[in-house]
Amino acid sequence: MLIFLLSADSVYVRVFNVTNGNFVSENLKVEVSGFFTDGKEVFDTVEIKGEGWIKIPKDPHVVGLTVIYMGEKFPSQPVILVDTSRSVTIEVYEVTNDRSGISLTSHNLGIFKEKGVYHVVELLEFKNSSNMAFRGPILELNLPKKLEGFNLTGDQSDYFRSGQSLTLTPLLLPGKGDIGFDYFVLSEYFKLMREGAEIYRIFADTSIKIKVKNATFEGNREFEGQVFNVWKAKGKVEIEIGTQPIVREVGRFLWAFFIFVFLAMVIFFVLRRP
């Protein structure tokens, strides 16, 4: 939903606490960001006492208003300056670190091969059954070694990473929410173990050597002209990608040994010829 304003030089902002069912009356900071038609951006921070008029930068095309409440940022819908309304209500929630109302409903993993390296994309969907926003550590994951290019939707406050350990700490509003991240793995072989989600789905290039444990193979699916193998699992899944180094080295040794024996036999028969 968009909020429309007509040539307004200011907007009246009210802040509604959905958890308590009341309008907020305390002093609050509001971040005002705007984009002009030429793409330039403006930014400002103002303070209101629960509600009040906020001056809009001159001639922006789209305005975003974000209230800082209990240390968290709660944004409005985008405000486009084309209608007669000059009032905006921004919803906020009480914030808790009690994770009893949080569940991980699904976890999707995409595994692709790009320019000789593996590209892994993970998307997690959560459900917050409480009437409060949640912020805190909600899930710990292990990442592969030889990893680069890690990128997560959101900002630095949504996760903590130390080496191969990744802890997700997103802000989850009541209802459904998601968080995604991706990274590149430079190893020819690695493992992924994920648990805690109600449903897992794994999508992998058909060219990738992959073994998926505790999962059911659902066949192939085509997306934007590319075909993927798809697996489904519940509760826990283990994935092996590539060829283990010891297996690969044994294979190379056997191949070299075969070549050696073949050449030795050729030389033997040549030398025995009268």
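Lys146 is placed in the loop that connects β15 (139-142) to β16 (147-152). In this predicted model, Lys146 adopts a positive phi of about 50° although the residue is not a glycine. Its relative accessibility is 58%, and because exposed residues are those over 50%, Lys146 counts as exposed. A comparable description applies to Asn214, which is found in the loop between β23 (210-213) and β24 (216-223). Asn214, likewise not a glycine, has a positive phi of about 60°. With a relative accessible area of 52%, Asn214 is exposed.

The chain as a whole contains one helix and 26 strands. Of its 274 residues, 39% count as buried. Among contacts with a sequence separation of 6 or more, 68% are accounted for by residues 24 or more positions apart.

One pair of residues distant in sequence is formed by Tyr12 and Glu51, which are separated by 39 residues in sequence and by 7.2 Å in space, C-alpha to C-alpha. Tyr12 belongs to strand β2 (residues 10-17). The side chains of Tyr12 and Glu51 make a polar contact at 2.5 Å. Tyr12 counts as partly exposed, at 23% relative accessibility; this value does not qualify as buried because that class is confined to residues under 20%.

Attention now turns to the interior. In soluble globular proteins, nonpolar side chains tend to be buried together. The largest nonpolar core comprises 38 residues. Within this core, the residues with the most contacts are Leu168, Phe181, Ile202, Ile210 and Ile239. When residues up to four places away in sequence are not counted, Ile202 touches Leu109, Ile111, Ile210, Val212, Asn229, Val230, Trp231, Val237 and Ile239. A second core, separate from the largest one, consists of 21 residues and includes Val11, Val32, Val63 and Val95.

Pockets were examined next. The largest pocket has a volume of about 650 Å³. Its lining is made up of 29 residues, and those that lie nearest its centre are Lys73, Phe74, Pro75, Leu171 and Leu173. At least two lining residues are supplied by each of β8 (72-75), β10 (87-92), β19 (171-172) and β20 (175-185). Of the elements involved, β10 gives the most to this lining, with five residues. Divided by class, the lining of the largest pocket holds twelve nonpolar, nine polar and eight charged residues.

The second largest pocket has a volume of about 450 Å³. It is lined by 21 residues, of which Asn142, Leu143, Pro144, Gln164 and Lys191 lie nearest its centre. Strands β15 and β21 (189-195), together with helix α1 (245-272), each supply at least two residues of this lining. The largest share, seven residues, comes from β21. By class, nine residues of the lining of the second largest pocket are nonpolar, four are polar and eight are charged. Strand β15, one of the contributors to this lining, also borders the loop in which Lys146 is located.

Notes:
Residues numbered from 1 in each chain as written. Predicted model: local features only at pLDDT ≥ 70, side-chain atom pairs only at ≥ 80, totals over all residues. Heavy atoms only, no water. Core = buried A, V, L, I, M, F, W, Y, C linked by side-chain atoms within 4.5 Å. Buried < 20%, exposed > 50% of the residue type's maximum accessible area, 1.4 Å probe, protein only. Contact = heavy atoms within 4.5 Å. Helix = DSSP H or I, 4+ residues; strand = E, 2+ residues; numbered from the N terminus. 1 Å grid on protein atoms, 1.4 Å probe; cavity = no way out; pocket = protein on both sides within 12 Å on 5 of 7 lines; lining within 4 Å. Points joined across faces, edges and corners; volume = space filled by probe spheres on them. Nonpolar A, V, L, I, M, F, W, Y, C, P; charged D, E, K, R; others polar. Polar contact = N/O pair within 3.5 Å; in protein donor to acceptor, adjacent residues only side chain to side chain.
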